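This report walks through one protein model, from its overall build to its charged side chains. Please keep the sequence and the 3D view at hand.

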Amino acid sequence: MTSVDRPAAAPDSQAVSVPPPTVATAHVEGAAAEPGSAIWPAGAAYQPVEPDRFTRFVLRLHARAPRWAVPLAAVGCVGLGMAYALLSNPTHSDPDAPPTCLLKLTTGLDCPGCGGTRALWYVLHADLPAAARHHFVFVFSLPFLAYFFVVWAGNQAFGWRLPELRLSPKVLGGFLAAWLAFSVVRNLPWAPFTSLYV
């Protein structure tokens with residue numbers, strides 16, 4: 001008897017038929033499985049989380065807002081910061097006034113941002129040496145921050161395609177390391193580092 005003459009095997013009641021892969025059930029390796037696919041458990045379904053009322057309000061507001069609304073809001077925030085620096089005049093405070101920085105108030109040490117408001121006040125009055133004296137890193141990074149903002153806001157509001165500044169992770173890491181070193185050096189109690197204390 002040859003294999004052709006053998007009787008067909010009885011179907012196994014325990015066997016599960018697996019449908020051939022189709023476009024609907026095919027998936028890319030590493031991609032999330034969709035409900036109803038071959039690898040998703042039967043009966044399991046992903047239920048999307050219903051957004052809360054505030055999230056729905058923000059999404060509706062974002063969908064209806066003109067494209068220049070977010071850059072305008074950002075300009076308003078920057079303008080408020082500048083107005084605060086100009087009106088409060090942080091360079092003229094009483095000698096015995098307690099510092100407003102929590103770290104400086106509790107430890108007596110300059111924090112990484114100490115002197116930034118005074119530096120901004122001097123920048124707005126075109127006194128760059130005095131601004132750098134109060135916070136050199138802030139004054140150094142200000143042109144880059146301004147350019148990043150103009151590129152982003154111009155693209156969002158008007159569709160401008162200005163050349164973008166690409167900063168590698170090494171450059172960003174170097175900047176953060178320099179800022180950390182500046183924050184440590186300005187608190188050292190020896191000359192010439194004492195001149196950086198604000």
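## Backbone, burial and charge

Asn89 counts as buried, because its relative accessibility is 18%; buried means under 20% relative accessible area, exposed over 50%, and partly exposed in between (1.4 Å probe, protein chains only). Asn89 is found in the loop between α2 (69-88) and α3 (102-107). Its phi is near 45 degrees, a positive value in a residue other than glycine.

The model is predicted: local features need pLDDT of at least 70, side-chain atom pairs count only at pLDDT 80 or more, and totals for chains, interfaces and linings use all residues. Residues are numbered from 1 along each chain as its sequence is written, and side-chain values use heavy atoms, with hydrogens and water left out.

**Overall build.** The protein has seven helices and zero strands. Helices (H or I, at least four residues) and strands (E, at least two) are DSSP runs, numbered from the N terminus. Of the 198 residues, 16% are buried. The accessible surface is about 15,500 Å², and carbon and sulfur atoms hold 69% of that surface. Areas come from the Shrake-Rupley method with a 1.4 Å probe; for residues, only the protein chains shown count as cover. Among contacts (heavy atoms within 4.5 Å) with a separation of 6 or more, 51% join residues 24 or more positions apart.

**Helix α4.** Trp121 sits in α4, residues 116-124. Trp121 counts as buried because its relative accessibility is 12%. Outside its neighbours within four places in sequence, Trp121 contacts Ala85, Leu86, Asn89, Pro90 and Thr91. So the Asn89 with positive phi is one of the partners of Trp121. The C-alpha atoms of Trp121 and Ala131 are 7.6 Å apart, with their positions 10 residues apart along the chain. Gly116, Ala119, Leu120 and Tyr122 of α4 are buried as well. The buried residues of α4 pack against α2, α5 and α6 (136-158).

After α4 comes Ala126, in the loop between α4 and α5 (128-134). Its phi is about 60 degrees, positive although Ala126 is not a glycine. Ala126 counts as exposed because its relative accessibility is 67%. Most residues other than glycine have a negative phi, and most peptide bonds are trans. A cis bond joins Ala191 and Pro192, with omega about 5 degrees. Pro192 belongs to the segment after α7 (169-185).

**Salt bridges.** There are three in the structure. The term means a side-chain nitrogen of Lys or Arg within 4 Å of a carboxyl oxygen of Asp or Glu.

| Pair | N to O distance |
|---|---|
| Lys104 and Asp110 | 3.0 Å |
| Asp110 and Arg186 | 4.0 Å |
| Glu164 and Arg166 | 3.5 Å |

Asp110 and Arg186 link distant parts of the chain: Asp110 is in the loop between α3 and α4, Arg186 in the segment after α7, 76 residues apart. Lys104, Asp110 and Arg186 form a network of salt bridges. Lys104 and Asp110 are buried, and Arg186 is buried too. In the remaining pair, Glu164 is partly exposed, because its relative accessible area is 46%. Arg166 counts as exposed, because its relative accessibility is 71%.
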